[in-house]
Amino acid sequence: MNNQNISNKILFWYDNNKRELPWRKRTSTKNREYYTLVSEFMLQQTQVKTVVPYFINFINKFPNLRKLAYSNERKILKNWEGLGYYSRARNLKKTAIKLLKEFNGKLPKDIEKLKSLPGIGEYTSSSILAIAHNKPFIPMDGNVERILKRLFLLKNKNEVSRENLNIKKSFFGFSKRSSDYAQAIMEMGALICKPILPLCSHCPLVENCKAFKKKDFVIKSKNKYNKVKYFEANVFRKKNKYLLIKNKKFGFLRNLVIFPMTEINKKQFNSLDFKKINVKMSNMNMKIVLNDYKKIKKISNSLLLDKSNINKYILPSFTKKIFSSLSH
Ligand code: SF4
């Protein structure tokens, strides 16, 4: 079967099955570029269903590039609150400023220029070229990877390497509808070729799929296992007041407000007999022991947060999780 047939089959499926996503509703070229930029930043490391309400709210608050570039960072972060990876929000604002200053408010069509923008790497630049500019790129996200691994039953380390996956990607060929085609393949991965229990009977590629023929759908990953780290968090509180600090110490959640924390080892963690919680981050599993002091300690650069005003602050979900696990 030639590439043309493959792309026609995938696009036919997409036209009949795609989700109505808010960034797919476009009224002008300007909107298409801006919506793609915002959605691609939000979708880095985050699932579509989580992003949708954030995207709708964000576009209401910052309807265009200019408004975003000239908005106060605190306001932008407030509207990003809960989505995580806050550096994305800061980079998005920096990118908006740079686009206005150096690119006349437009997304460049050159991959190297795109990659020179804050927060835009290989993957996001190819997504922007495909989706916003209709260029023949197929970004390699987790969905595309999974489809390829199953189509060709790729199992060993060399087979699942980035290099080999890029070679195998030629299976898809290209289409004149590059923007739709890139989204169609990713959509197929998300809706049909799911990580667990793929819906092969609905798949336009079922005749081409080795995994389907062998009934072997197990995906080999590049050993992305999360390491476990141990922390001791100190909760200093008196009545409704809680002591928090601006995090300068840890690379994750930099500059965000957290409870004072120290990293400890497993032995120390196990020896402490206080309340313990688990928090899953993208790159580690955090095991946190909570020392709950019913007093306030003097710590420089700290702030006292009134629990009744909690919504006024930009707090990472991480800090909120500790809050909600405390018996008040
Ligand atoms: S046939 Fe099944 S396993 Fe193969 S690509 Fe389609 S959904 Fe995935």
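1. Which helix gives the largest share of the shell around the ligand? The answer is H9, with three residues. Note before reading on that this is a predicted model.

2. The ligand shell, in full, counts 14 residues. The closest are Cys193, Pro198, Cys200, Cys203 and Cys209. Two helices each supply at least two residues of this shell: H9, spanning 142–151, and H12, spanning 210–214. By class the shell has 13 nonpolar residues and one charged residue. No polar residue takes part.

3. Next, the domains. The assignment for the chain gives domain 1 as 3–214 and domain 2 as 228–325. Their C-alpha centres lie 34 Å apart. Domain 1 puts eight residues into the contact, and domain 2 puts in five. On the domain 1 side, the residues that touch domain 2 are two nonpolar, three polar and three charged.

4. Now the helix pairs, beginning with H1 and H11. H1 covers residues 3–17, and H11 covers residues 178–191. Their axes come within 9 Å and cross at roughly 70 degrees. An angle of 65 to 115 degrees counts as roughly perpendicular, so H1 is roughly perpendicular to H11. From H1 the contact takes Ser7, Ile10, Leu11, Trp13, Tyr14 and Asn17. From H11 it takes Asp180, Tyr181, Ala184, Ile185, Glu187, Met188 and Leu191. Sorted by class, the contact of H1 with H11 has nine nonpolar, two polar and two charged residues.

5. H2 (residues 29–43) packs with H8 (residues 122–131). The angle is about 150 degrees, and the axes are 10 Å apart. Angles over 145 degrees count as roughly antiparallel, which makes H2 roughly antiparallel to H8. The crossing of H2 past H8 is right-handed. H2 contributes Thr36, Leu37 and Glu40 to the contact. H8 contributes Thr124, Ser127, Ile128 and Ile131. The contact of H2 with H8 holds three nonpolar, three polar and one charged residues.

6. How are H5 and H6 set against each other? H5 runs over residues 73–80 and H6 over residues 87–102. They pack at about 135 degrees, with their axes 9 Å apart. H5 and H6 are therefore oblique to each other. H5 passes H6 in a right-handed crossing. On the H5 side, Glu73, Ile76, Leu77 and Trp80 make the contact. On the H6 side, Ala89, Arg90 and Lys93 do so. In the contact of H5 with H6, four residues are nonpolar and three are charged, with no polar ones.

7. Points to check on the model. For the ligand, start from Cys193, Pro198, Cys200, Cys203 and Cys209, the closest residues. For the domains, look at the contact of eight residues from domain 1 with five from domain 2. For the helices, compare the oblique pair H5 and H6 with the roughly antiparallel pair H2 and H8 and the roughly perpendicular pair H1 and H11.

Note on methods: Residues numbered from 1 in each chain as written. Predicted model: local features only at pLDDT ≥ 70, side-chain atom pairs only at ≥ 80, totals over all residues. Near = placed C-beta within 6 Å. Helix = DSSP H or I, 4+ residues; strand = E, 2+ residues; numbered from the N terminus. Nonpolar A, V, L, I, M, F, W, Y, C, P; charged D, E, K, R; others polar. Axes fitted to C-alpha atoms, helices over the stretch in contact; angles between N-to-C directions. Parallel < 35°, antiparallel > 145°, perpendicular 65-115°, else oblique. Left-handed = near helix turned anticlockwise from the far one by under 90°. Contact = placed C-beta atoms within 7 Å. Domains from an automatic or database assignment.
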